[in-house]
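Student: Could you take me slowly through one part of this structure, the place where two helices meet, and explain how they are arranged?

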Amino acid sequence: MALRLRPASIGFRHQFVVRNRFTAAIAQLGRRVHTATLFSMAAAEEEVGILCYVNQEPGFDAILKHRPDDFLVNEVDTSNTVIHLRNLTAPSEGEATTTGGSVEDVFSRFQEIAGEKNCEKLKEMAESNASMEEGAQRITHILLDGIETKSERTAVHLFFKEKHNGLPFLTTDTIKEKTTGPDGKQIETTKLRIMLRNHAKKMSTWEKNKGGSSGTWVGGKKKFVHFTLYKENVDNQAAVDKMARFLSRPPNSFRIAGTKDKRGVTVQRVSAFKISPKDLAGLNSMLFNMKVGDFRYASENLFLGQLSGNQFTVVLRDIKGSTKEAVEKACKALKETGFINYFGLQRFGAGSPTHKVGAMLLQGRWSEAIKLILTSRLNDDSKDLEARKEFLEKWDKESLDKCLANLSRGCISESKILKAYEERGLSDHVGALMSIPRNMRTMYVHAYQSYLWNHAASRRFQEYGAKDVVVGDLVLDPNLTVANTEPEGGKKDRKKSDKAITWETSATRISKVRVVSQEDVANGVYSVEDVVLPIVGSGTVYPEHKVGKKMFTELAAGDMVSLADSSHNVQDFSIKTIRGDYRRVVQRVPDMEYEIVCTENRNDKITETDLDKLRAAGAPGTDWPERPKRKAEDEAEGGEQAKRQKTGVEGNGGDTVMEEGGGGGGGGGGGGGGGSGREDEGQAREEGGEKCLNLVLKFKVGCSVYATMLIRELMKISTAKSDHKDRSLKE
């Protein structure tokens, strides 16, 4: 039974009890004794400030993420389009970069740039390469006449950086041509040469490393390929690492707009630098639980945050402790009141809490932060558990080598730290931290910022409720922040455009924040949906009431963190250089759809993924590649088959009960609840003989909104991975 906490019974200072317990354990780690006590210290909801609910409707018990396809996430781009996987086939070379217009238009443009004589040369070259006759003589290159100035040569170079209708793939360079003048002297002139790309001079080492595998880049000016990534039970970093490894590219060749959950089926756009669609499509025959498609060339890279949000389709299985009518009533209440926009538990790590690491980094306690990172993501079954313990206790070269040799696959931060120690020595703690990829090392301080925000959100709810705006609140002025989608008429008319998810950047939010006045409250200028709380950083503006600067400062001081100054000059971990932000306190989902579905048993398939739809349409390349068996897998196969027979669930191929996995951006939760449990398992059974009552939810939320915080508000019980894993495996 999950721990159930009601807002009225929670003291705001409960956090200090947890903090003191953790600090004592860290002190033990610093002395390199009793390190085993730290290997199971995952954060709980109440520790990271997830304490309250908006409405008082009773909850119910159900299983979240029982199957991968019980949690579908489809990215919503900045134009408010939901991303779906539609085509696994790579376009023909240059298809996405060919300029529009007829062949005549192409030659007409070239004639304007290079003159009639050079245009005739180009036509002859194009015709010779278009001939299908056997033994036809192909013109592989031409020299242009009369192109003497640098600006003229630049115009020709730029023209052939594009792929044009009616022309083969061509490239340009300049050569020196020597001729004899009237006086018998040698004259050197610069000539512009146009040639077939496969006859071009050898590329430089840099071009080979940065270009396509074929040795040429057919995208012209468009250096990036955007594509759709579909994955099942794979986290973002692992997905990027796999693609990079199979294509022999560095992981930073890929960029994503938003981090998605590991546990579930997710669809999102990815950008790749100079990797051809053909090479990317080849991944479909090599990767398990991942597919790529919908390729197009692009001039710009994607960047983190370049999305409007995500669309979720969530199945809550085997409802217990409630009735169909009560579940529908709870859904209606959620649509009306919304939920507190907490950062979910996965923001704080599945092992040692990342916000604790963040607090240490802000203080400059480098070695303690590293030791805590090295204790994360471990359990009694981890093969490298003993090796890590030995290294933390001995801290010498021999134990370091042993730890590296036994490190589990996928431990990216840990691997980077240990390899840095191997190269730089065991005393270079800052160097070890800086070896972690930047997006991962900054995650720790972001987690601490989130920890402070969650506690502030709970405190604001306890002090002022979640219905009204009060004097001293911070708001984002709706007339400015939603200027692109808001109709005229202010707050009343704004309800009509709620369906649009507005793409806001942190810079936009920072520039639009203001403090609510008495006059604003009296005139009803703002709603609670406009209220924000600060994600602390440099230049943060705080509310001017009880949940203000004093509260934030005292909370951080309990962790020995100063919000006003930094004790070190490492910019990535300094409060003076980390830009703050603002986050809405209440999220509403007025367009949420819900449906009660009855099934024969709780393992039945309910949703349809994008890959399911492609398979049903007979699209090629939708099957997973055949997985080669290893000796260990052969030995374990008998036990796995027995386990599947016991649970009644199939193995690979989308019918797997979710027994493991971590978090990602968009799901999590845990620790609290105020609803009823599984005491009366017969209440949710329908009289028609169905064995299982399930709820299907479909909704859109903005980026950085955690879907499982919505589910927590609905169910009033823990949404933690461990709790639902236990329910999922329980017969």
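Tutor: Before we look at who touches whom, we need one definition: contact means heavy atoms within 4.5 Å. The model here is a predicted one, and the part to look at is the pairing of helix 2, which covers residues 103-114, with helix 4, which covers residues 150-159. On the side of helix 2, the residues that take part are Val106, Arg109, Phe110 and Ile113, and they meet Ala155, Val156 and Phe159 of helix 4. If we sort the residues of this contact by character, six are nonpolar, one is charged and none is polar. Arg counts among the charged residues, whereas Ala, Val, Ile and Phe count as nonpolar.

Now consider how the two helices lie relative to each other. Their axes come within 10 Å, and they cross at roughly 165°. Because angles over 145 degrees count as roughly antiparallel, helix 2 and helix 4 are described as roughly antiparallel to each other. The crossing of helix 2 and helix 4 also has a hand, and that hand is left-handed.

To finish, two residues outside this pair of helices are worth a careful look, for their backbone angles. Ser248, in the loop that links helix 6 (236-247) to strand 9 (254-256), has a phi near 55°, which is a positive value in a residue other than glycine. Asp318, which belongs to strand 12 (residues 309-320), likewise has a positive phi, near 55°. Their surroundings can be set side by side: Ser248 is exposed, with a relative accessible area of 65%, while Asp318 is buried, at 4% relative accessibility.

Methods: Residues are numbered from 1 along each chain as its sequence is written. This is a predicted model: local features need pLDDT of at least 70, side-chain atom pairs count only at pLDDT 80 or more; totals for chains, interfaces and linings use all residues. Side-chain values use heavy atoms; hydrogens and water are left out. Helices (H or I, at least four residues) and strands (E, at least two) are DSSP runs, numbered from the N terminus. Buried means under 20% relative accessible area, exposed over 50%, partly exposed in between (1.4 Å probe, protein chains only). Axes are lines fitted to C-alpha atoms, for helices over the stretch in contact, and angles run from 0 to 180 degrees between N-to-C directions. Angles under 35 degrees count as roughly parallel, over 145 as roughly antiparallel, 65 to 115 as roughly perpendicular and the rest as oblique. A crossing is left-handed if the near helix is turned anticlockwise from the far one by less than a right angle, and right-handed if clockwise.
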